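Welcome, and thank you for opening the viewer. Please keep the model in front of you, and select each part as we come to it.

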Amino acid sequence: MEKICVAVRLRPSVSQESFNGNFWKIEENRISLHKTQGTPISGCSYAFDHIFDESSTNASVYKLLTKDIIQGAMEGFNGTAFAYGQTSSGKTFTMNGSETDPGVIPRAVQEIFEKTQMMSDREFLIRVSYMEIYNEEINDLLVVENQKLQIHESLERGIFVAGLREEIVNNAEQVLNLLEAGEVNRHFGETNMNVRSSRSHTIFRMVIESKRKDSNPAGDYSTSDAVRVSVLNLVDLAGSERIAKTGAGGVRLKEGKYINKSLMVLGNVINKLSDGSKQRGHIPYRDSKLTRILQPALGGNAKTSIVCTVAPEEVHIEETKGTLYFASRAKRITNCVQVNEILTDAALLKRQKLEIEELRRKLEGSHAEVLEQEILKLRNDLLKYELERENLEMELEEERKSHEERDQWIKEQQMKIENLSSLVSLSNRENNNSQGQDSLRHNLKEESSESNSTSRGDIFRTPCLKAAPKSFVAKRSDYSALPDFSPLPDAFSNVVDEDAWLKMNKGYVADLDSLQSTPAGKVQSFPTSDITSGCLNEMYDGEIQDLRRQLKLANEKINDLERKHSEQILLNQQLMAETSKLQQEARSIREIPQSLSESLVNFKDSYQEVLSALQKSVSDGKLSTAKMLSTMNEVGEQLFTTLEAYFTMDLDDKRSFTENSASVQRKIFIERMNSITTLLGSSEGPITEKDQEENSMYSNRHKDSDLGGEIATSKEAMSSEFNSIKERYCVLEEDLNTSNRLLEVMKYRYDSLERDFLHLKDERDSLLQMVSESSQRLASISSEKENALKDLNIEVRRRKNLDGEVKRFTATFACRQGQLASFHNEFKAQLEKLRAHGSISVPKSLGC
Ligand SMILES: Nc1ncnc2c1ncn2[C@@H]1O[C@H](COP(=O)(O)OP(=O)(O)OP(=O)(O)O)[C@@H](O)[C@H]1O
């Protein structure tokens, strides 16, 4: 356990005026606030590991605060150094420094490469990355395009930023150039407090891997093949700021809120960690990206130092108090630091060889040939066993790998089954609501695109990582395994205002329970290597039963839908028949006026033919006036009777009106007219005496009556008759319009029914498609499952056999070791005996 090293640095005053108010006084490692007269203000005195006054240099800060961390990093310990403080208090100055006084980062880089030269017995591989957290988004400062990167966590890599560029570097100059390039991409902005204020938190990271050089093959068995991997974070935080003082507005204001919020989360994490392990409870690392990335440095496996920068001006006293309070809390945090070593199999084997060689050396010097031979035999045996053991270990390793692959495969299958289940249940829901079809299809699409992208594990790799020498990173597997994605709170952009700032800087401990928005991670249980095939069977059977049940339900729903669909079709057909009947009716109604007008034209033609025939007969003197009049009368009567019958029949029952009945009436009339015309034409010769007599009789008969009046009366009757025809025609037209409207409505209804029908058909088709897809998937999953079970059974058997073999081998090995030990003891005893008897002179060094 190791405490975090905390220091405070007071920057030189920027104000020209001399102090005439309260001021900060530094005595050794204590800083306290004093009144103008010099008396200390109670409760405002703080002690830290180191305190740097205005005259301090970056060199001294580096020496006291970071040098140890760098040494640790070279030896395999993780390390973090960061600067915290209000805006314009000197964080960037401390971390980056100036040309004349380089800061912590350039000094650290320089020293690391100097040390790699000095540690000539080890070979190093160093990678660097540089990122910023701006408005709660992680951006790569080495590659401008790498923006909004995500944080992930995996067993092998711990917490890491996916997609962050890692450059392999060979010398300090290369790193400083990268830093310079990164600085260009960093977010700075001008505020009232600082013309070049950092608007983001930056993390400069170096990953140092080292391995002892194999330069001593002659048999220095004290060497180890372990690879040390350490991560060094050098962090320049953005400054906490009072909105009122910085005069921030617009973009600056937004940035300020994000900065304050993340620093508040950092403060909360520090407060929680400083509470002591018993009262700690949940540490809200996940509440900000900054704390999530710095998690190992805060209460984890890292040597950590914090330099808290403060401003001496009286106007900043409140902020300085806040920073000092933060520093005091941080001082209480203890980390659990350990070397990060990866032991290779070769290293383990070497250790064993070393033990055997020691044993051998002890026995060396004996002149007894028998013993020598025995030793040789034992050595040979041992080598044989070692070989066997190596083979077995290799086999075991392979088994383990294939087991892991199988586990991974089973996990994938489980996920597929889960996806399928959710798909089927979604389909059930969707059946009840036809409008949800689109979203279901969308889900299907998503699902398929997801399955297409299972190979997208690449995004978790560090894309630009240059290939390291294979031998060097022999036991480091690639990082493509699925990492645990660490969600961060969405509502990060919640306003953090002046009030929040004040709380933060007065050491206010926020209600952490309300901040703990990160739900505890759910542990998904996957079948482990020692799970029995029976358990797997049960598990899969249960899932498949469940799937089948859901499929059955879906089928029932589909059947129900199909039944409804056929009912709709029946209704549709009825409506269509009705519609076609109505259409026919409307068509015949529409034809009535035209047929009427045609008939009228025909009547008119026939009537005019008769009239002209009469006129001709009268002018030729073939027909007497009396005859003409009586014929006209007859013709008129005939015409009206026919018309009356015609219209009465048509209009009273327009439904039964047909072209045939109309033409029959017309034909009768025309025939009658033709016969009159023929009759008139056939009456030849001049008017006879009889005709004249008839004429005179007719004249006598009608001499009192007015002929003109009679004609006028008949004209009136005719016009009234025409008027009534007109009225009936209007009525008919109205009826026709109504029918047309009715027809339109029917047409519209028909169209909508047709649309519904097509829609239902589509739905049915897509449902059928889905069901067939689901069935196919189910079938393929079942066959895959069966195969997996078979493989698993074989695997389990093989594993058992191997375990047995390993046990047998270990027992034999132990037995041989025992034999060797007893032989050694015996040999020693013999020597002792011989020495005691003084029969031979045995050198003291031999064997004892
Ligand atoms: N110890 C120091 N000696 C000399 N100058 C200093 C010192 N500390 C800070 N300064 C100067 O004060 C100014 C503000 O410092 P700096 O930019 O490092 O503050 P900061 O805390 O990083 O601010 P911000 O949070 O706004 O980025 C700079 O001009 C810097 O050169």
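A residue counts as buried here if 20 or more other C-beta atoms lie within 10 Å of its own, as exposed if 12 or fewer do, and as partly exposed in between. Keep in mind along the way that this is a predicted model.

**Stop 1: the whole chain**

Begin with everything shown. The chain has 848 residues, and 26% of them count as buried. It holds 19 helices and 20 strands. Look next at the contacts between residues at least 6 apart in sequence: 77% of them join residues at least 24 apart.

**Stop 2: strand E17**

Select residues 303-310, which form strand E17. Are the faces of E17 covered or open? Both faces of E17 are covered. On one side Lys-303, Ser-305, Val-307 and Thr-309 are buried, and on the other side Thr-304, Ile-306, Cys-308 and Val-310 are buried too. In a regular strand, side chains alternate between the two faces of the sheet. With 8 of its 8 residues buried, E17 is largely enclosed by the rest of the structure.

Now add the partners of E17. Strand E2, residues 5-10, pairs with E17 in the parallel sense over 6 bridges. To find the place, pick Cys-5, which stands opposite Ser-305 in E17. Strand E7, residues 79-85, also pairs with E17 in the parallel sense, over 7 bridges. Here the residue to pick is Phe-82, which stands opposite Ile-306 in E17.

**Stop 3: the sheet with E3, E4 and E5**

Move on to an open sheet of 3 strands, ordered E3-E4-E5 with antiparallel pairing. Its edge strands are E3 and E5 (40-47), each of which pairs on one side only. From one strand to the next, the twist averages 25°.

Zoom in on E3 and strand E4 (residues 30-34): these two run antiparallel and are joined by 5 bridges. Phe-23 stands opposite His-34 in E4. Then show helix H9, residues 317-331, which packs on the sheet and touches E3, E4 and E5. The direction of H9 makes about 45° with that of E5.

**Stop 4: Lys-25**

Stay with E3, residues 23-27, and click on Lys-25 within that strand. Is Lys-25 buried, exposed or partly exposed? There are 14 other C-beta atoms within 10 Å, so Lys-25 is partly exposed. Leaving out residues up to four places away in sequence, Lys-25 touches Ser-32 and His-34. For a distance to try in the viewer, go from Lys-25 to Ser-45: the two are 20 residues apart in sequence and 9.3 Å apart in space, C-alpha to C-alpha.

**Stop 5: helix H7**

Select residues 250-274 to see helix H7. How far apart should the ends of H7 be? At 1.5 Å a residue, its 25 residues should span 36 Å, and the end C-alpha atoms are 36 Å apart, which agrees. H7 is mostly covered, as 19 of its 25 residues are buried.

**Stop 6: around the ligand**

Finish at the ligand, which is surrounded by 17 residues. The closest are Gly-90, Thr-92, Ser-197, Ser-198 and Gly-239. Helix H3 (91-95) and strand E14 (197-198) each supply at least two residues of this shell. Which element gives the most to the shell? That is H3, with 3 residues. Color the shell by class, and there are 3 nonpolar, 11 polar and 3 charged residues.

Key
Residues numbered from 1 in each chain as written. Predicted model: local features only at pLDDT ≥ 70, side-chain atom pairs only at ≥ 80, totals over all residues. Helix = DSSP H or I, 4+ residues; strand = E, 2+ residues; numbered from the N terminus. Contact = placed C-beta atoms within 7 Å. Pairing = 2+ DSSP bridges. Axes fitted to C-alpha atoms, helices over the stretch in contact; angles between N-to-C directions. Expected span 1.5 Å × (residues − 1). Near = placed C-beta within 6 Å. Nonpolar A, V, L, I, M, F, W, Y, C, P; charged D, E, K, R; others polar.
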